Amino acid sequence: MLLQVLGTAAGGGVPQWNCACPGCSGARAHPERRRRHASLAVRTGEGRWYIVNATPDIGDQIEAHPALHPGPGPRQTPIAGVVLTDAELDHTLGLARLREADGLDILATAPVRQALDDRLRLGEVLGPYTALTWRELPSHSARPLSGYSPGPDGGDLRISAVPVSGKRPRYAADSPEDDAWVVALRLYDPATGKSAVYAPAVAAWSDALHGAAAEADCVIVDGTFWDDEEPRRTGISSRTATGMGHLPIDGPDGTAGILATLSARCLYTHLNNTNPLVDPAAAQHKRLARLGIEVAEDEMVIEL
Ligand code: MLT
Ligand code: MN
Ligand code: ZN
């Protein structure tokens, strides 16, 4: 299984256009600290790619990765579609950037599709430009990522959604409750028996998520905030990290303590610009290293 990390920042990015916090200013002064919005490209058995979450940076993310470039035909793209873990704007606005596609396969849960269709009117808006084929992300059984039956070489990656939380995006806050608003993805490679879990938005550490993480070889998790008070302390919100729908890394309810118990390779992604981890010299990097936990970096390749 090949996972190409396309970005590791939370909504806003690092730097965020209207932010002069130390993390954003540091990234302006040191371009190597810049992080694009959290996203991942996954290669299918046939060598095509699915992009997990379509961010506002998707055009640059594609250009930065030669494996995602078009060719040899003038409009031949290796990108088959997009998988969505939720309906948040930082994970979906990039869909409009892909409107030049001949067609786009979009895998999402039912409430996510409904929010995009009914609230953002994506189906209506993009319909005149490209053909969207929606597939529901299965939460009970794993299905081939590309939607085709397995080939002779052991076949395609299998994908399933692991329910994480009922957190709705702010623009759809009055939509019906559903435990599939936010999911983690479980990717399983039948050729190697390896699996990965991608959970860039974790409001609650559900039993289902724990089960998938405990079996996985690699787990990539929401690292938006270092500690629960960070959003209030830095003045970006009156809510705590947990109140904003992101379990913090550190502290009694933090995810680091959980990840440290897993046998999987564990990495954090979706870092907010207020997170001290956006500074490579921050002491918090050593704390995580002692627990055997990594911070994902843009351009990182994970091979399982
Ligand atoms: C989140 O991760 O909580 C959202 O992406 C916030 C946002 O709307 O940018
Ligand atoms: Mn986000
Ligand atoms: Zn900032």
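In what order do the seven strands of the open sheet lie? The legends below take up this question and others, and they describe a predicted model.

**View A. The open sheet of seven strands.** The strands follow the order 7-8-9-10-11-12-13, and their pairing is mixed. Strand 7 (143-144) and strand 13 (293-295) form the edges, since each of them pairs on one side only. Within the sheet, strand 10 (residues 194-199) and strand 11 (residues 218-222) run parallel and are joined by four bridges. One residue pair may serve as a guide to the eye: V197 has V219 of strand 11 as its bridge partner.

**View B. Strand 1 and its two partners.** Strand 1 covers residues 2-7, and six of its six residues are buried. Strand 14 (residues 301-303) pairs with strand 1 in the antiparallel sense over three bridges. Here L3 stands opposite I302 of strand 14. Strand 2 (residues 39-43) also pairs with strand 1 in the antiparallel sense, in this case over four bridges. The bridge partner of G7 in strand 2 is S39.

**View C. The zinc ion (ligand 3) and its cysteine donors.** Which protein atoms act as donors to the zinc ion? They are the SG atoms of C19, C21 and C24, which lie 2.2 to 2.3 Å from the ion. Along the sequence, these donor residues follow the spacing C-x1-C-x2-C. C21 has a relative accessibility of 16% and therefore counts as buried, because the limit for a buried residue is under 20%. C24 is likewise buried, with a relative accessible area of 0%.

**View D. The manganese ion (ligand 2) and its two protein donors.** The manganese ion has D90 (OD) and H270 (NE2) as its protein donors, at 2.2 to 2.3 Å. D90 belongs to helix 3 (residues 89-92), whereas H270 lies in the loop between strand 12 (265-269) and helix 9 (284-290), so the pair ties together parts that are 180 residues apart in sequence. Are these two donor residues buried or exposed? D90 has a relative accessibility of 12% and so counts as buried. H270 has a value of 4% and counts as buried as well.

**View E. The surroundings of ligand 1.** The residues around ligand 1 are E88, D90, K167, H246 and H270. By class, this shell holds two polar and three charged residues, and no nonpolar ones. D90 and H270, the protein donors of the manganese ion, thus also appear in the shell of ligand 1. A polar side-chain atom of D90 lies 2.8 Å from an oxygen atom of ligand 1. For K167, the distance from a side-chain N or O atom to an oxygen atom of the ligand is 2.9 Å. For H270, the corresponding distance is 3.4 Å. Taken alone, ligand 1 exposes 270 Å², of which the protein buries 72%.

**View F. T130 in a loop.** Where does T130 lie? Its place is in the loop between helix 5 (122-126) and strand 6 (131-136). T130 has a relative accessible area of 6% and is therefore buried. A polar atom of the T130 side chain lies 3.5 Å from the backbone nitrogen of G103.

Key
Residues are numbered from 1 along each chain as its sequence is written. Chains are lettered from A and ligands numbered from 1 in the order in which they are written. This is a predicted model: local features need pLDDT of at least 70, side-chain atom pairs count only at pLDDT 80 or more; totals for chains, interfaces and linings use all residues. Side-chain values use heavy atoms; hydrogens and water are left out. Donors are N, O and S atoms within 2.8 Å of the metal (3.2 Å for Na, K and Ca); water is not among the atoms, so sites may look incomplete. Buried means under 20% relative accessible area, exposed over 50%, partly exposed in between (1.4 Å probe, protein chains only). A residue is near a molecule or strand if one of its heavy atoms lies within 4 Å of it. A polar contact is a pair of N or O atoms within 3.5 Å; within protein, one must be able to donate a hydrogen and the other to accept it, and residues adjacent in sequence count only if both atoms are side-chain atoms. Accessible areas come from the Shrake-Rupley method with a 1.4 Å probe; for residues, only the protein chains shown count as cover. Ala, Val, Leu, Ile, Met, Phe, Trp, Tyr, Cys and Pro count as nonpolar, Asp, Glu, Lys and Arg as charged, and the others, Gly among them, as polar. Helices (H or I, at least four residues) and strands (E, at least two) are DSSP runs, numbered from the N terminus. Two strands pair if DSSP finds at least two bridges between them.
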